[in-house]
Amino acid sequence: RLAEMVAAEPATVGQPSTIVVTVRDAGGIPLQGRTVVLNQGSEPDITPASALTGPDGTAAFSFTPTEAGTRTITAAADDVIVGTTTIEVQPIQPSAG
């Protein structure tokens, strides 16, 4: 299985962003009905805990980071690691004024 992960970058502390995982077979055909789980360490800032891929092979997650820094997120489909991405999380910018 192959997967592609697309994340809105840069992410900002406290602001939700979307991570989309697309799971395909070796021939590039999208795989429907696969259980996808994202793991990025100890902080539970990704929801839902798991998602099923749709007809287009995609599963979407919300990522709301609580700390600035670099996050490495790993995707697994049906308990097989299919991809990894790194997201830079920016601190909250002070408002002007």
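**Exercises on a predicted model**

D78 lies in the loop that links β8 and β9. The structure is a predicted model.

**Exercise 1.** Determine what sign phi takes at D78, and whether D78 is buried, partly exposed or exposed.

*Solution.* Begin with the backbone: phi of D78 is near 50 degrees, which is a positive value in a residue other than glycine. Next, take the relative accessible area, which is 30% for D78. Buried requires under 20% and exposed over 50%; D78 is therefore partly exposed.

**Exercise 2.** Carry out the analysis for D79.

*Solution.* Locate D79 in the loop between β8 and β9. Its phi is positive, about 70 degrees, although D79 is not a glycine. The relative accessible area of D79 is 80%. As the cut-off for exposed is over 50%, D79 is therefore exposed.

**Exercise 3.** Identify the residues that a cis peptide bond joins, and place the proline in the fold.

*Solution.* The bond between T47 and P48 is cis, with omega about -5 degrees. P48 belongs to the loop between β5 (46–47) and β6.

**Exercise 4.** State which residues of the largest nonpolar core touch the most other members, and which strands each supply at least two of its residues.

*Solution.* The core comprises 19 residues, and V21, V36, L38, F61 and F63 have the most contacts with other members. At least two core residues come from each of β3 (17–24), β4 (35–39), β7 (58–63), β8 (69–77) and β9 (80–90).

**Exercise 5.** Assess the confidence of the prediction.

*Solution.* Mean pLDDT is 86 for the protein, and 87% of the residues reach 70 or more. Among the elements, strand β1 (residues 2–7) has the lowest mean, 67, and strand β6 (residues 51–52) the highest, 96.

Notes. Residues numbered from 1 in each chain as written. Predicted model: local features only at pLDDT ≥ 70, side-chain atom pairs only at ≥ 80, totals over all residues. Heavy atoms only, no water. Core = buried A, V, L, I, M, F, W, Y, C linked by side-chain atoms within 4.5 Å. Buried < 20%, exposed > 50% of the residue type's maximum accessible area, 1.4 Å probe, protein only. Helix = DSSP H or I, 4+ residues; strand = E, 2+ residues; numbered from the N terminus. pLDDT = per-residue confidence, 0-100.
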